[in-house]
Amino acid sequence: MKEFTSVMKSEAITVVNSTNTAVAVGSGSLPVYATPMMIALMEEATCNAVAPLLEEGETTVGTKISVSHDKASGTGTTVTAHAALEEVDGRRLIFSVSAKDSDGNIIGKGEIERFVVLSDKFMKRVNG
């Protein structure tokens with residue numbers, strides 16, 4: 001991984017629709033933006049933020065998530081997840097994350113930890 005010299009930031013955007021609601025993904029019974037989908041969007045933003053630092057053959061894997069989902073979002077709402085790489089400790093990366101709705105309200109926030117791994121080596125371990 002290239003040297004970490006400043007806060008790396010990025011975002012990811014989606015629109016709440018019938019495929020990413022709690023009822024659709026099995027995390028609840030209401031047609032509102034699903035918590036697992038919000039977390040996935042936040043993780044996408046973390047991957048986007050760190051991408052410029054990765055060397056050939058490197059990727060990151062999620063290892064720890066501490067996120068609150070503070071406000072419901074209905075179908076048609078645009079949700080934007082923001083991630084900022086705040087700390088690098090060897091291969092361990094710490095991101096602050098948040099998600100906002102189309103009105104600018106924070107719907108979720110927290111911290112995500114990822115580790116830098118070599119893709120081939122990692123998959124060899126996974127597949128035995």
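**Entry 1: the surface**

Accessible area, as I use it here, comes from the Shrake-Rupley method with a 1.4 Å probe. With that in hand, I looked up the surface of the protein chain, keeping in mind that this is a predicted model. About 7,100 Å² of the chain is exposed, and 50% of that comes from carbon and sulfur atoms. I also checked how much is hidden: of the 128 residues, 34% are buried.

**Entry 2: the overall plan**

Next I listed the elements and found three helices and five strands. Read from the N terminus, their order is β-α-α-β-β-β-β-α. I then drew a box along the principal axes, and the C-alpha atoms fill roughly 40 × 35 × 20 Å. For contacts with a separation of 6 or more, I noted that 66% join residues 24 or more positions apart. Charges came last: I found 12 positive and 16 negative side chains, with the centres of the two sets 4 Å apart.

**Entry 3: the core**

Which residues have the most contacts inside the largest nonpolar core? I found Y33, M42, V50, V79, L85 and F95, in a core of 23 residues. At least two core residues come from each of β1 (8-15), α2 (35-50), β3 (78-89), β4 (92-100) and β5 (106-118). Helix α2 gives the most, namely six residues. I reminded myself that in soluble globular proteins, nonpolar side chains tend to be buried together.

I picked F95 for a closer look. Setting aside residues up to four places away in sequence, I saw F95 touch T46, A49 and V50. F95 also touches A83, A84, L85 and E86, and further along the chain G110, E111, I112 and R114.

**Entry 4: a serine in a loop**

S73 sits in the loop between β2 (58-69) and β3. Is S73 buried or exposed? I count S73 as buried because its relative accessibility is 2%, and the cut-off for buried is under 20%. Apart from neighbours within four places in sequence, S73 is in contact with V16, V32, Y33, V79, D101 and I107. Two of these, Y33 and V79, were already in my notes on the core. I also took one C-alpha to C-alpha distance: S73 and M8 are 27 Å apart in space and 65 residues apart in sequence.

**Entry 5: two residues of β2**

E58 and S66 were my next stops. E58 is in strand β2, and I noted that E58 is buried because its relative accessible area is 18%, a value to set against the cut-off of under 20%. What does the side chain of E58 reach at 2.7 Å? I found the backbone nitrogen of E55 there. Leaving out neighbours within four places in sequence, I listed the contacts of E58 as M1, L53, V116, V117, L118 and S119.

S66 is in strand β2 too. Not counting residues up to four places away in sequence, S66 touches K109, G110 and E111. G110 and E111 also appeared in my list for F95. From S66 to V97 I read 9.6 Å, C-alpha to C-alpha, across 31 residues of sequence.

**Entry 6: the end of the chain**

How many of the nine residues of helix α3 (residues 119-127) are buried? I counted zero, so I wrote down that α3 is hardly covered. Just after α3 comes G128, where I read a positive phi of about 75°.

Technical notes: Residues are numbered from 1 along each chain as its sequence is written. This is a predicted model: local features need pLDDT of at least 70, side-chain atom pairs count only at pLDDT 80 or more; totals for chains, interfaces and linings use all residues. Side-chain values use heavy atoms; hydrogens and water are left out. Helices (H or I, at least four residues) and strands (E, at least two) are DSSP runs, numbered from the N terminus. Buried means under 20% relative accessible area, exposed over 50%, partly exposed in between (1.4 Å probe, protein chains only). Contact means heavy atoms within 4.5 Å. Lys and Arg count as positive and Asp and Glu as negative; His and the chain ends are not counted. The place of a charge is taken as NZ of Lys, CZ of Arg, CG of Asp or CD of Glu. A nonpolar core is a set of buried Ala, Val, Leu, Ile, Met, Phe, Trp, Tyr and Cys residues joined through side-chain atoms within 4.5 Å. A polar contact is a pair of N or O atoms within 3.5 Å; within protein, one must be able to donate a hydrogen and the other to accept it, and residues adjacent in sequence count only if both atoms are side-chain atoms.
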